[in-house]
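Reader: Please take a close look at the largest pocket, and put it in the context of the rest of the chain.

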Amino acid sequence: MYQKLVAVYFSATGNTKTYIEDMAKATGLETVFYDITAAEEAPEIVCGKDDLLLLGAPDYSGRIPTLLRERFAKLRGEGTDAVLVVTFGNRAIDDALVELEDLVSERGFHVVGGAGLVGRHTFGQIAVERPTAADKMQAADFIKAVLKKEKGAYAKMPGNRPYKDGGKGGKWRPETTDACGACGLCVKNCPAHAIAEDCKTINEDLCISCFRCIRNCPKGAKQITTEAYLDFEKMLEQKLAKRQENEFYL
């Protein structure tokens with residue numbers, strides 16, 4: 001029996017956070033949460049052999065976001081079991097789970113379960129209703145099934161090595177309208193620390209098009225209205241219209 005759950009996640013727009021919190025609750029274990037989405041530096045997270053790591057990240061074009069390699073740099077296990085969660089916007093997880101598997105295996109963890117879970121896509125009106133109550137129930141049932149396994153029982157993750165190209169985010173950069181009240185929320189919460197103190201200037205080399213600032217701006221002052229983006233959005237909505245199901249690996 002595990003003594004404690006250590007839940008670590010990156011969640012720019014809330015999908016991963018929602019799943020991780022619900023899954024943690026379903027375990028009934030004492031839980032320590034680490035939200036590393038806007039971390040200034042990689043936190044020191046050490047898990048003992050009787051802990052269970054629940055690690056969550058979004059899928060960016062079939063990979064985990066590139067910046068997460070630095071965020072997970074100080075993650076350490078002592079032969080600790082780990083459950084991996086990748087959220088995706090109704091397309092596919094490709095190599096994101098196997099990349100997470102390799103990353104945690106290098107840091108002293110044994111992967112005992114993995115899930116690819118559908119949430120609203122970053123761009124456009126795709127899977128906007130997800131995760132649904134049924135999605136969250138499936139994820140909760142999955143983590144309960146993991147707890148019934150023998151400790152250390154390996155679960156193989158899907159994907160290929162070498163990994164496909166991905167993880168860098170999109171090329172789209174948010175614009176700021178005159179509605180901006182310079183509250184600083186976007187500056188504080190930007191996962192890539194790409195927004196200057198004026199709340200308007202974007203470091204285009206750092207921005208990962210996660211759209212956190214667009215989703216969370218209290219004034220609705222962050223948006224993208226270029227014709228190129230709107231055309232891309234429409235194309236993606238059509239391409240990803242077919243409902244995808246959650247994936248579980250035990």
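Author: Of the protein's 250 residues, 49% count as buried, where buried means under 20% relative accessible area, exposed means over 50%, and partly exposed lies in between (1.4 Å probe, protein chains only). This is a predicted model, so local features need pLDDT of at least 70 and side-chain atom pairs count only at pLDDT 80 or more, while totals for chains, interfaces and linings use all residues. Residues are numbered from 1 along each chain as its sequence is written, and side-chain values use heavy atoms, with hydrogens and water left out.

First, the frame. The protein has 7 helices and 10 strands; these are DSSP runs numbered from the N terminus, with helices being H or I of at least four residues and strands E of at least two. Its C-alpha atoms fill a box of roughly 55 × 40 × 35 Å along the principal axes. The radius of gyration is 18 Å, which agrees with the value near 18 Å for a compact globule of 250 residues; it is taken over C-alpha atoms, and the globule rule is 2.2 Å times the number of residues to the power 0.38. Among contacts with a separation of 6 or more, 84% join residues 24 or more positions apart, contact meaning heavy atoms within 4.5 Å.

Now the pocket. The largest pocket holds about 600 Å³ of space. On a 1 Å grid over the protein atoms alone, a pocket is an open set of points with protein on both sides within 12 Å along at least five of seven lines, whereas a cavity is a set where a 1.4 Å probe fits but cannot get out; lining residues have an atom within 4 Å of a point. Grid points are joined across faces, edges and corners, and a volume is the space filled by probe spheres set on the points.

The lining of the largest pocket has 32 residues, and nearest the centre lie Asp 59, Tyr 60, Ser 61, His 121 and Phe 123. By type, the lining divides into 12 nonpolar, 14 polar and 6 charged residues. Here Ala, Val, Leu, Ile, Met, Phe, Trp, Tyr, Cys and Pro count as nonpolar, Asp, Glu, Lys and Arg as charged, and the others, Gly among them, as polar. At least two lining residues each come from α1 (15-27), β6 and α7. With 3 residues, α7 gives the most.

One of the central residues, His 121, sits in the loop between β7 and α4. His 121 counts as buried because its relative accessible area is 14%. Leaving out residues up to four places away in sequence, His 121 touches Gly 89, Ile 126, Arg 215, Leu 236 and Leu 240. The loop between β7 and α4 (133-148) also holds Pro 131, which is joined to Arg 130 by a cis peptide bond with omega of about 10°. A second cis bond joins Arg 161 and Pro 162, with omega of about 0°; Pro 162 is in the loop between α4 and β8 (175-176).

β6, which also lines the pocket, leads to a loop before α3 that contains Asn 90. Asn 90 has a positive phi of about 70° although it is not a glycine, and at 4% relative accessibility Asn 90 is buried. Asp 94 lies in the loop between β6 and α3 too. Its phi is near 50°, again positive in a residue other than glycine, but Asp 94 is partly exposed at 26%. Most residues other than glycine have a negative phi, and most peptide bonds are trans.

The enclosed space is a separate matter. The search of the whole structure finds 1 cavity of 30 Å³ or more, and the largest cavity holds about 250 Å³. Cys 186, Ile 195, Arg 212, Cys 213 and Lys 222 are closest to its centre, out of 29 lining residues. Two or more of these lining residues come from each of α5 (185-189) and α6 (212-216). The cavity lining divides into 21 nonpolar, 5 polar and 3 charged residues.

Last, the packing. The largest nonpolar core has 53 residues, of which Leu 53, Leu 55, Leu 84 and Val 104 touch the most other members; such a core is a set of buried Ala, Val, Leu, Ile, Met, Phe, Trp, Tyr and Cys residues joined through side-chain atoms within 4.5 Å. The elements giving this core two or more residues include β6 (80-88), α3 (96-105), β7 (109-118) and α7 (227-239). Its largest share, 5 residues, comes from α3.
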